[in-house]
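The exercises below are to be worked with the sequence and the model side by side. Each task is followed by a solution in steps.

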Amino acid sequence: MGKPRLIILIRHAQSEGNKNREIHQTVPDHRVKLTSEGWKQAEAAGLKLRSLLRPDDTLHFFTSPYRRTRETTEGILNALTSSNPAPSPFPRHTIKVYEEPRLREQDFGNFQPGSQEMARMWAERAEYGHFFYRIPNGESAADAYDRVSGFNDTLWRSFGEDDFASVCVLVTHGLMTRVFLMKWYHFSVEYFEDLRNVDHCEFVVMKRSQENQKYILQNELRTWSQMKKERSEPKEPESPIPVRKKWAGFQDGYETEIRRRQARRQNTADMFADDLNIVQQDEQVDARDQNGKPRRRMTTSYV
């Protein structure tokens with residue numbers, strides 16, 4: 001087959017560590033599993049992938065060996081190969097899945113310290129720089145870049161194999177997705193540090209050009225600088241011209257409102273209420289009785 005027509009990077013679905021960071025104090029990072037919401041995200045990603053594929057496509061999956069990425073891959077495959085809502089053109093036995101340790105998450109050390117120490121460490125990393133700051137007993141993003149570089153070389157060589165798939169899917173982590181793109185497209189360190197993380201199960205798609213065989217990134221990557229710019233831009237003032245309301249404030253117009261009221265009529269008085277619009281009843285004194293006392297008569301006023 002040669003070079004695949006698509007390379008798709010997918011960040012793992014929501015994990016227990018994404019909901020509660022303190023779990024890393026007692027559970028090794030590679031054993032953190034998906035939440036129930038994460039399983040739903042993974043299966044939704046499988047349906048999305050299915051919609052992007054051609055019936056004659058073949059697939060190779062490369063996944064980080066961490067539990068959350070392996071479970072994400074499993075959820076994707078469940079939906080991709082399911083006969084619901086229709087028989088799938090991608091039988092499970094035709095899809096090759098490889099665990100690739102070089103796609104694992106950046107090593108943040110062993111068990112992470114308490115929340116106060118982690119907050120101090122994150123602040124220090126932000127000051128020092130995300131790419132070169134090395135986590136105590138762990139890695140820097142630069143270290144992760146080195147092993148991703150080795151994986152990219154291996155992947156590129158495998159494109160020369162006759163039986164390589166037409167679509168290559170990498171199930172990995174947020175930072176590793178950015179590092180992979182940095183290596184592939186030769187991003188600068190400054191641009192890498194400006195990149196925001198991708199969402200859970202977000203697809204980052206690289207499509208091979210028919211003209212020069214290079215892979216064109218289909219996504220517009222989000223950056224911190226762009227977000228800061230958008231937040232700093234003044235909002236447009238509200239128009240001083242009032243918005244014209246519909247006739248009499250009725251949602252669908254006067255005639256429609258009259259028909260609605262007619263449908264609700266219960267007696268004769270209601271029949272006159274629509275057109276005459278009774279607004280009040282006044283007491284008027286217009287005569288005196290035989291004892292000279294005022295006589296009160298009820299009259300109705302219409303507007």
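**Exercise 1. Determine whether Cys-168 is buried or exposed, do likewise for Cys-201, and find how many disulfides the structure holds.**

Step 1. Cys-168 has a relative accessible area of 0% and is therefore buried, where buried means under 20% relative accessible area, exposed over 50%, and partly exposed in between, with a 1.4 Å probe and protein chains only.

Step 2. Cys-201, at a relative accessible area of 9%, is buried as well.

Step 3. The structure holds 0 disulfides, a disulfide being a pair of cysteine sulfur atoms within 2.5 Å.

A note on the basis: this is a predicted model, in which local features need pLDDT of at least 70 and side-chain atom pairs count only at pLDDT 80 or more, whereas totals for chains, interfaces and linings use all residues. Residues are numbered from 1 along each chain as its sequence is written, and side-chain values use heavy atoms, with hydrogens and water left out.

**Exercise 2. Check the span of helix H4 (residues 115–128) and work out which of its residues are buried.**

Step 1. Helices are DSSP runs of H or I with at least four residues, strands are runs of E with at least two, and both are numbered from the N terminus.

Step 2. The expected span is 1.5 Å times one less than the number of residues; for the 14 residues of H4 this gives 20 Å, which agrees with the 20 Å between its end C-alpha atoms.

Step 3. Met-118, Met-121 and Arg-125 are the buried residues to note in H4. They lie on the same side of H4, because they cover an arc of only 60° around the axis, taken from the directions from the helix axis to the C-beta atoms.

Step 4. An α-helix has 3.6 residues a turn, so residues three or four places apart point the same way.

Step 5. On the face of H4 turned away from the buried side are the exposed residues Gln-116, Ala-126 and Glu-127.

Step 6. After H4 comes Gly-129, with a positive phi near 120°.

**Exercise 3. Locate Asp-107 and state how far it is from Ala-144 in sequence and in space.**

Step 1. Asp-107 sits in the loop between strand S3 (96–99) and H4.

Step 2. With 29% relative accessibility, Asp-107 counts as partly exposed.

Step 3. Although 37 residues separate Asp-107 and Ala-144 in sequence, their C-alpha atoms are 8.3 Å apart in space.
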